[in-house]
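Colleague: I have a structure to learn. Please take me through it step by step.

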Amino acid sequence: MNRQNGQHYIVTGGGSGIGKAIAIRLADEGAKVSLMARNLERLQAVVDEIIQGGGQAQCFSCDITDQSAVQSTVQKAVDTFGPLRGVIANSGVGGANFPGENDRFDIVIQTNVYGTYYTLRAAEKHLIQDDTPTHMVVISSCLARFGVPGYTAYCASKAALLGMVRAFAHELARRRTQVNALCPGWVDTDMAWEGIDGMAEAMRITPEEAYKMAMKAVPLRRMSTPKEIAGTVAWLLSEDGAGMTGQGIDINAGSWMG
């Protein structure tokens, strides 16, 4: 299926997990994919995999909390692969934060909120203006929907992204740009398993016991997979997703039903 044939998308945080799955899915559909993240080695491994599979991809090392770096990196991507059909803002950091000298609140907000904003604004300037919709997709979280003790920064940052998406959707509607967010729950990624390990350590139980406990709060009793998230993104970017804008899509095995 080549429904994205020749279209150019930027994917941030494309070196692993959800971002990697999205990049591979879009490349499989014929898109040219530009990957951005801090870890260039991991990005290059994904690029190599895409190219070996017959796709087109490039990557750039970039810290999304640095606004000027984001702007220049997006420009480099466009200089090589052309104007953008869309951007998937996936980069972010997770984990708990607690009051005191080592409170991580600032870095979580700077990365997840400021970094996403910088990414969307930089990409906005390079979106194609024609008769076909363009896209912004933001990866939020089901923790935007409810609170978790010890995760004040993460919950706040992911909730902020939903407000950001709704505002961007209004701003860019006349340009036929669709702006949406996904709110995954537990996804089988390194970040999720770090969370499971943190639960296990805090509760003095094994990771296996922590996993079983976490899944009890999930109606489908399972983690989602990165490929499932990528499939939802691919749908949003296709003709089948026409008319979807300003939405937070809850793909989280029933962790949140609203």
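Modeller: One term comes up straight away: contact, or touching, means heavy atoms within 4.5 Å. This is a predicted model, where local features need pLDDT of at least 70, side-chain atom pairs count only at pLDDT 80 or more, and totals for chains, interfaces and linings use all residues. Residues are numbered from 1 along each chain as its sequence is written, and side-chain values use heavy atoms, with hydrogens and water left out.

Colleague: Which residues does M215 touch, not counting residues up to four places away in sequence?

Modeller: M215 is found in helix α7. Helices (H or I, at least four residues) and strands (E, at least two) are DSSP runs, numbered from the N terminus. Leaving out residues up to four places away in sequence, M215 touches W186, R221, R222 and M223.

Colleague: Is M215 buried or exposed?

Modeller: Buried means under 20% relative accessible area, exposed over 50%, and partly exposed in between (1.4 Å probe, protein chains only). M215 has a relative accessible area of 3%, so M215 is buried.

Colleague: At what angle do helix α6 and helix α7 pack?

Modeller: Axes are lines fitted to C-alpha atoms, for helices over the stretch in contact, and angles run from 0 to 180 degrees between N-to-C directions. The axes of α6 (residues 190–203) and α7 (residues 207–215) are 8 Å apart. Angles of 65 to 115 degrees count as roughly perpendicular, under 35 as roughly parallel, over 145 as roughly antiparallel and the rest as oblique. The two helices are therefore roughly perpendicular, at about 105°.

Colleague: Which element gives the most residues to the largest nonpolar core?

Modeller: A nonpolar core is a set of buried Ala, Val, Leu, Ile, Met, Phe, Trp, Tyr and Cys residues joined through side-chain atoms within 4.5 Å. Of the 33 residues in the largest core, V70, V74, L120 and M136 touch the most other members. Several elements each supply at least two residues, including α3 and β5. With seven residues, the top contributor is α5.

Colleague: How many disulfides does the structure hold?

Modeller: A disulfide is a pair of cysteine sulfur atoms within 2.5 Å. The sulfur of C62 is 12 Å from the closest cysteine sulfur, in C59, so it is too far for a bond. For C183 the closest is in C142, at 7.8 Å, again too far for a bond. The number of disulfides is zero.
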